[in-house]
Amino acid sequence: MADKLLKPKELIDRIGYQPPQTDWMDTPIDIRKGMYCYASNPKSVANLGFPNARPWNPTEPDWKLPENWQQIIHDGFKERLERFRSFKVFMDICVRCGACADKCHYFIGTGDPKNMPVLRAELLRSVYRNDFTRMGKLLGKANGARPLTLDVLKEWWYYLFQCSECRRCSLFCPYGIDTAEITMMGRELLNLVGLNIDWIATPVSNCYMNGNHLGIQPHAFKDMLDFFVDDIEERTGVRVKPEYMKKGADILFITPSGDVFADPGTYTAMGYLMLFHYLKEKYGLEVTWSTYASEGGNFGFFTSHETMKRLNAKMYAEAKRLGVKWILGGECGHMWRVINQYMDTMNGPADFLDVPVNPITGTRFEQARSTKMVHIVEFTADLIRNRKLDLTPARNDYLKVTYHDSCNPSRGMGFFDEPRYVIQNVCNHFYDMPASTIREQTFCCGSGAGLNAGENMELRMSGGMPRANAVKHVRDAHGVNMLACICAIDRAALPALMDYWLPGVQVAGTHELVANALNLPGQNDRATNLRGDDLEELKAQAEGETDE
Amino acid sequence: MNDKKLIVTGLVIFLIIVLFPFWYNRGRAVPPPEVKLTEQAKAAKECVLSKDYMRSEHMQLLDLWRESVVREADRIYTNPKGKQFVMSLSNTCLDCHSNKADFCDKCHNYASVRPYCWDCHIDNPKENS
Amino acid sequence: MNKKYMVSFIAVFGLFLIAWAGVSIGLQWVFGVIIPYLAVLVFATGFVRRVLGWSRSAVPFAIPTTGGQAKSFPWIRHARFDCPDSRFDLWVRMALEILTFRSLFRNTRMKLSGGKLSYQLEIFLWVGALAFHYAFLTVILRHTRFFTEPVPWCVQLLENVDSFFRLEIIYPQFQFGLPAVYLSGIVLLAAVVYLALRRIVIPSVRYISLASDFFPLLLIFGIAFTGIMMRYVTKIDINAAKQLTMGLVTFHPTVPAGIGAIFYIHLFFVSVLLAYFPYSKLMHLAGVFLSPTRNMLASTRSYRHVNPWNYPVKVHTYEEYEEEFREKMVEAGLPVDKPLEASAEAAEKE
């Protein structure tokens, strides 16, 4: 596994953008180790009531499909064409101009032509033409049509799990054709015949049964937060007291469970705890956590629309049960696409909640007046704007920060200036990456849409190459040593990416930076950051590096 | 859904635009222009060159004549049959075809062609050669 | 030799031969009247059916691609046309997409050299596409002169503008520029050649191109080429041609004698393009209006979009969750809805 991973230079040198001699339809796939994720655990699949739960292995020729799999896919295809105009229109109108080709981070990082968004879509489109269009039926292969064979299905599976649904291609497409949409449909179809990957199916099953992707049970969830409470006390001298499922609290807070589980997300979680403590002490604001709705993320989104809805339902249900005024959401990428573009439609209207108003500043969050869910970064931005936080940004002075726009808040929400505002108010040294790699043109971390597994490390490192390259640019130009983000998958994926391409650059959630700058009432001298590192030492180290 | 209404409206507008020629002419037959020849022209029977050639290429011939007269001061044109003509729109062409409105304009208007001959040669003036 | 463009080339050449042969054996009525009528019929009905087909598919979710800062606090600048929040902004976004191909204007070209990626503005595709579409539109609008009598002033104006650049080359051997040269025709031909060449020359674009990408380009090349030939080189009797086209649109079809074969070839190419249109990628003409990532408001948190087929799903309720974890929750000091006592007392009594 990891020992087989190529060295960065070897990986880059191997990329050639010359397509093979054979036509793409005649080029057989090679399911390569390091590029695919393991097949799903049948238990998880059965847990969710998904079809065809069985052990299977993608590298074996027999994928143990149901007898009538072709019919299932055909019918599923037809149903989705009727249910989603996006799918139907995108199947029909692509002119293959190629503008999207070099926009995909997986294509840039692998050079595999089937990772060009247009070709990824053509994998489905060729079958669509064959099954549903007159021209395709009439002219066959001359019109780019081909029947759905087992090899084609395998190709779907292989390449639809090499797309992180980042929508970068859709930005450049003159018709807005969104490969994320096509990948979502394709993955739904694959799920109909039991072709999923374990890194998605098992978190989905966990989330469904236990409330979060990691399967953390309620008491364990509390234990984990208690660890953070201890750590915060050790580093700041202040003991914070998180609330759990408190009925009648002002706000329900939901964040991805990844933040309570692994570094450096844990520091972001500590940041949330400190912020909430500060607001409670100073302004009496009551924020509650829930162990039932303890997952902001939604891997159902990477499975099917129905699964997405099943997992997402908990947010409104829990808010209703607890009788809170509105919901506050933590830093997460795809979670916010779901909340911004799907939640209200799927599980709303949330008429039992209030239009979010920040009781401390009086700001009415007009942008969230129907969904009634506020992003913690806009919440904090509003607090900072109204000077409600006591901040000492100098504590972050050893950092030279750049900011990674996560795909989903970027191209699925338009969330760009709020995080920058917050970071620039808690850090004195901020440098943006080049314009063609940030904001709406941002690159994926390479591990989104459920592809953050350990076994597909080569894919992840290749896909993250454009992002790492842009970070390298600001590291070389400005000495950037911290990559800030607002996404839990980023916090899990980017450290590995940085270790691989740019050792020394660290990754932090935005609220870790906020908390480091935030002064709590009754705190100690704050000699360390949240990670327990001595600030004086870090500062000396940073200055030493600049002097060189 | 209200977007269906929008789509149908769009389609109707599209069809109205695309099928413009069909409703613009309201189905009335438009007779092609009939070129009227003056008695003089009828009597001459043949123009400088053959009728078919003149019909499609007369502008080319006039252009060459202009070139020849203005740049080379050569005013005499000999056609393949050996017959000679003075190269002059006003004096030669319009001498026979003195009915500009019925001869030139009819076709030009029908085909929506606006030659710039008449920018200078206004209303069939006779040149003082 | 790439099979895909050869197939398309042979197909277009075949169409040329069919029209040419047909006219030489006297099938003027077929190629001048019957086929054009059929083509218009297929185009109109096919187009409408395709768009209505799209309209019948639901739009369950609002999924705009947000291309800039969303409407947020008053102190954050809103990228109105990239992340539209009002109908007006949305109309502007769509107008810019449709009329100026704004998304394509963003196009960059990625280059990897020495392990460093760079992105530069790649404007040629945008320029080529814009040139192609506007030239084609101008050519089509100009052609209304063959379908109207009297010719409306606006068409005459367009002709004047299109031919404003006087190009008159006079050598007795080679004479060009009369009748007045229409720029749109030349631009159309050049753009079509560019678009076809980039499909052949750029390796990745060649790899993704299908025969059905080359076919319309070659067909349009054929149309533009025959049109230009007819106007400047092998001239036809234009009034006879107009008599035929006027006959078509006034439903008094006639086939005047003496129109050259090239006219029928031109007309046949156009007919094929019209009939092919609704069943091909050329429907992007209508599709661009219906793309949900572009034509939807980005105000998805402030207005609720309704999914017409939203159905109830199986969820794991809080009650089920508490049922499973009640003891552990109570032990950890987490609040529960149903206290443990009831079940504990029952156990003690036994």
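How far apart are the nearest C-alpha atoms of chain A and chain B? They are 12 Å apart, and the two chains do not touch. The views below come from a predicted model.

**View 1. Chain C and its overall form.**
Chain C has 14 helices and 4 strands. Its radius of gyration is 31 Å, well over the 20 Å that the globule rule gives for 350 residues, so chain C is more spread out than a compact globule. Along the principal axes, the C-alpha atoms of chain C fill a box of roughly 115 × 50 × 50 Å. Of its 350 residues, 42% count as buried. Now take the contacts in chain C between residues at least 6 apart in sequence: 61% of them join residues at least 24 apart.

**View 2. Where chain C meets chain A.**
Two pairs of chains touch, and chains A and C make the most contacts. Chain C puts 81 residues into this contact, and chain A puts in 92. Several elements of chain C give two or more residues to its side: α4 (102–105), β1 (108–113), β2 (116–121), α8 (203–208), α9 (211–233), α12 (284–287) and α13. The largest share, 7 residues, comes from α13(C). By class, this side of chain C has 44 nonpolar, 25 polar and 12 charged residues.

**View 3. Where chain C meets chain B.**
Here 33 residues of chain C are in contact with 30 residues of chain B. On the chain C side, the elements giving two or more residues are α2 (28–56), α6 (153–162) and α10 (238–249). Which of them gives the most? It is α10(C), with 6 residues. The classes on this side of chain C are 18 nonpolar, 9 polar and 6 charged residues.

**View 4. The two domains of chain A.**
The domain assignment of chain A gives domain 1 (2–30 + 51–195) and domain 2 (204–547). Their C-alpha centres lie 32 Å apart. The contact takes 23 residues from domain 1 of chain A and 24 residues from domain 2 of chain A. On the domain 1 side, α1 (8–14), α5 (105–110), α9 (168–172) and α10 (179–192) of chain A each give two or more residues. The largest share, 5 residues, comes from α5(A). This side of domain 1 divides into 11 nonpolar, 7 polar and 5 charged residues.

**View 5. Helix α12 of chain A.**
Helix α12(A) runs over residues 218–236. At 1.5 Å a residue, its 19 residues should span 27 Å; the end C-alpha atoms are 27 Å apart, which agrees. Just after the helix comes Gly237(A), whose phi is positive, near 80°.

**View 6. The two sides of α12(A).**
Which residues of α12(A) are buried? They are Pro218(A), Phe221(A), Lys222(A), Leu225(A), Phe228(A), Ile232(A), Arg235(A) and Thr236(A). Seen down the helix axis, these buried residues fall within an arc of 145°, so they line one face of α12(A). An α-helix has 3.6 residues a turn, so residues three or four places apart point the same way. On the other side of α12(A), Asp226(A), Asp230(A) and Glu234(A) are exposed.

**View 7. What covers the buried residues of α12(A).**
The cover includes three elements from chain A: β1 (243–244), α13 (258–261) and α14 (265–283). Chain C adds α13 (318–332) to the cover. In View 2, α13(C) also gives the largest share of the side of chain C that touches chain A.

How values were computed
Residues numbered from 1 in each chain as written. Chains lettered and ligands numbered in written order. Predicted model: local features only at pLDDT ≥ 70, side-chain atom pairs only at ≥ 80, totals over all residues. Contact = placed C-beta atoms within 7 Å. Nonpolar A, V, L, I, M, F, W, Y, C, P; charged D, E, K, R; others polar. Domains from an automatic or database assignment. Rg over C-alpha atoms; globule rule 2.2 N^0.38 Å. Buried ≥ 20, exposed ≤ 12 C-beta atoms within 10 Å, placed from the backbone. Expected span 1.5 Å × (residues − 1). Arc of directions from axis to C-beta.
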